[in-house]
Amino acid sequence: MHKRFVLLLSCLIAFVVCEAQRITGCGFKIPPRSLRSNFSSVYEAKDILQNMLNTISWKENFNVREQNGIQNAYATIINRARWIIYDNRFLEDLDAYTSTKWASISVLAHEMGHHYYNHVVSSSGSTPPKEIEADAFSGYIMAKLGASLQESVAAMQAIASERASSTHPAKNDRVQAITKGWNEARAGSNTTTNTPLPPGNTSTPAPPAPSPLPSPGNTGTDTDPNTDPSWIWLTIQSNKNEVVLLSDDGKNFQQAEIKAGQPFVFKFEIYNYGWLRLKYYNGYRTFKLMHGKDYSILWNRRTQNWTVAEIGQ
C-alpha cells in the first residue's frame with residue numbers, strides 16, 4: 001500500500017511538472033492558473049488589436065476568435081482567412097502572473113506581427129527568425145501604445161523558454177528583439193514619416209514596402225561598415241581565395257568567399273551573432289562570431305587545420 005501511494009504521488013508530481021513546462025506554439029510556458037479575471041472577452045481583444053492597427057496606420061487583414069481551453073494564442077490561416085485565436089483564460093493567467101495587463105497585450109502584438117510579416121503563409125511553421133521578427137514587432141507596438149520597456153518584456157521575461165530550440169529562440173534573444181523594437185519606436189517617435197505598410201497586406205496591389213523595423217540582428221545605427229562598429233570584418237591568412245560557411249541560425253549554412261588579402265565584411269540577420277564553419281580533420285568545426293568584433297582565420301601548423309582568433313582592439 002505504501003509503495004502504491006509513493007508511485008501515485010510520483011506520477012502526480014511528474015504530471016504537474018509536465019503541465020507546468022508545456023510550451024505554446026510561440027514558445028511560451030503555460031503560466032499558472034489565477035483566480036483573477038480581468039481580460040473581458042473577444043470584444044476587448046478586438047479593441048486592443050484595433051488600437052495597435054491605428055498606431056501604425058495598417059488596415060486589418062485578420063479576424064479574431066476566442067477559443068477557451070487551448071492555453072495559447074496563435075496566428076493562423078483557416079479556409080484561406082487569417083485569424084488570431086486566443087484563450088481568454090490564458091491571457092488572464094499571464095496578466096496575473098506578471099502583475100501587468102501589458103503582458104497579454106504584448107502577446108496579441110506578437111501574433112499580429114506574424115500576420116504583418118506574412119509568416120503564416122509559409123509552410124515552414126515556427127522558426128527562430130520568424131519569432132524574433134514578431135518579437136521585435138511586439139516591442140515596437142508596445143512602445144507606440146505607451147508601455148514602458150519593462151512592461152513590454154514582462155511576458156517574455158516570465159514565461160519564455162530559457163533555451164533555444166529548432167522552432168524558437170532563447171529567452172535572452174527574444175527579450176533583446178523586443179527591446180530593439182521598443183527602442184526603434186521610441187527613436188522614431190519624433191519623426192513625421194508615416195510607418196510604411198507591409199507588402200501584400202493592403203486592399204489594392206502595391207509594390208513591396210520596407211519594414212518599419214530593422215532586421216533584429218543589426219545592432220548598429222549606421223549602414224556603412226567603415227563607421228558602424230557592429231559589422232564583422234573576417235579575414236584569412238592565405239595567399240589565395242578561400243570559401244567558408246556562414247549561418248544565421250546555426251543550422252542553414254551558406255558559402256562565402258574570402259578573397260586573399262581582403263576582409264569579408266558582413267552582419268548576421270537574426271541575432272547579433274552567428275556561426276562560422278570550417279573544415280576540421282574529417283569533418284567541420286563551428287565557431288560563434290559576435291557583432292562588434294573582428295576575426296581572423298589562421299592556419300594552425302600543429303593541428304594542420306584552420307582556426308579562428310578574435311582581433312583585439
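Me: A salt bridge here is a side-chain nitrogen of Lys or Arg within 4 Å of a carboxyl oxygen of Asp or Glu. How many salt bridges does the structure hold?
Reply: The model is a predicted one. One of its salt bridges joins the side chains of E162 and K171, at 3.0 Å from N to O. Another joins K240 and E242, at 3.2 Å. The number of salt bridges in the structure is six.

Me: Which residue forms a salt bridge with E131?
Reply: In this pair the closest N and O atoms are 3.5 Å apart, inside the cut-off of 4 Å. The two residues belong to distant parts of the chain, 43 residues apart, with E131 in helix 5 and its partner in helix 8. That partner of E131 is R174.

Me: Is R174 buried or exposed?
Reply: A residue is called buried when its relative accessible area is under 20%. E131, on the other side of the salt bridge, has 1% and is buried. R174 has a relative accessible area of 0%, so R174 is buried.

Me: Which residue is linked with E131 and R174 in a network of salt bridges?
Reply: E131 and R174 form a salt bridge with each other. The network of salt bridges holds these two and one further residue, D135.

Me: What is the relative accessible area of E162?
Reply: E162 meets K171 in a salt bridge. K171 counts as buried, at 9% relative accessibility. E162 is partly exposed, and its relative accessible area is 48%.

Me: Is E242 buried or exposed?
Reply: The side chain of E242 meets that of K240 in a salt bridge. K240 is partly exposed, at 47%. E242 has a relative accessible area of 14%, and because the limit for the buried class is 20%, E242 is buried.

Me: Which helix gives the largest share of the largest nonpolar core?
Reply: This core has 33 residues, and L49, M52, I56, F62, L108 and M112 touch the most other members. The elements that give it two or more residues include helix 2 (42–55), helix 4 (102–116) and helix 8 (171–187). The largest share is seven residues, and it comes from helix 4.

Me: How many residues are in the other core, which lies apart?
Reply: Its members include V244, F268, L278 and Y295. The number of residues in this other core is 17.

Me: How many of the 15 residues of helix 4 are buried?
Reply: The end C-alpha atoms of helix 4 are 20 Å apart, which agrees with the 21 Å that its 15 residues should span. Helix 4 is largely enclosed by the rest of the structure, because its buried residues number 14.

Me: Which residue with a positive phi follows helix 4?
Reply: The phi of this residue is near 60°. The residue that follows helix 4 is N118.

Me: What kind of aromatic pair do Y116 and Y117 form?
Reply: The model has nine aromatic pairs. In this one the ring centres are 5.2 Å apart and the planes stand at 70°. Planes over 60 degrees apart put a pair in the edge-to-face class, so the pair of Y116 and Y117 is edge-to-face.

Me: What kind of aromatic pair do Y116 and F137 form?
Reply: Y116 is in helix 4 and F137 in helix 5, 21 residues apart along the chain. Y116 is buried at 2%, and F137 is buried at 1%. Their ring centres are 4.8 Å apart with the planes at 40°, so the pair is tilted.

Me: Which residues form one aromatic cluster with Y116, Y117 and F137?
Reply: Y116 pairs with Y117, and Y116 pairs with F137 as well. The cluster that holds these three residues also takes in W58 and F62.

Me: How many bridges join strand 8 to strand 9?
Reply: Strand 8 (residues 273–280) pairs with strand 5 (residues 242–247) in the antiparallel sense over three bridges. Strand 8 also runs antiparallel to strand 9 (residues 283–290), and L276 has F287 as its bridge partner there. The number of bridges between strand 8 and strand 9 is eight.

Me: Which residue in the turn between strand 8 and strand 9 has a positive phi?
Reply: Strand 8 and strand 9 form a hairpin with two residues between them. The phi in question is about 55°, and it belongs to Y281.

Me: Over the ring of which residue does the charged end of K288 sit?
Reply: R285 lies over the face of Y280, 5.2 Å from the ring centre. The charged end of K288 is 4.1 Å from the centre of its ring, which belongs to Y273.

Note on methods:
Residues are numbered from 1 along each chain as its sequence is written. This is a predicted model: local features need pLDDT of at least 70, side-chain atom pairs count only at pLDDT 80 or more; totals for chains, interfaces and linings use all residues. Side-chain values use heavy atoms; hydrogens and water are left out. Two strands pair if DSSP finds at least two bridges between them. Helices (H or I, at least four residues) and strands (E, at least two) are DSSP runs, numbered from the N terminus. A nonpolar core is a set of buried Ala, Val, Leu, Ile, Met, Phe, Trp, Tyr and Cys residues joined through side-chain atoms within 4.5 Å. Buried means under 20% relative accessible area, exposed over 50%, partly exposed in between (1.4 Å probe, protein chains only). Rings of Phe, Tyr and Trp (its six-membered ring) pair if their centres lie within 6.5 Å; planes under 30 degrees apart count as stacked, over 60 as edge-to-face and the rest as tilted. A charge sits over a ring if NZ of Lys or CZ of Arg is within 6 Å of the ring centre and within 35 degrees of the ring normal. The expected span of a helix is 1.5 Å times one less than its number of residues.
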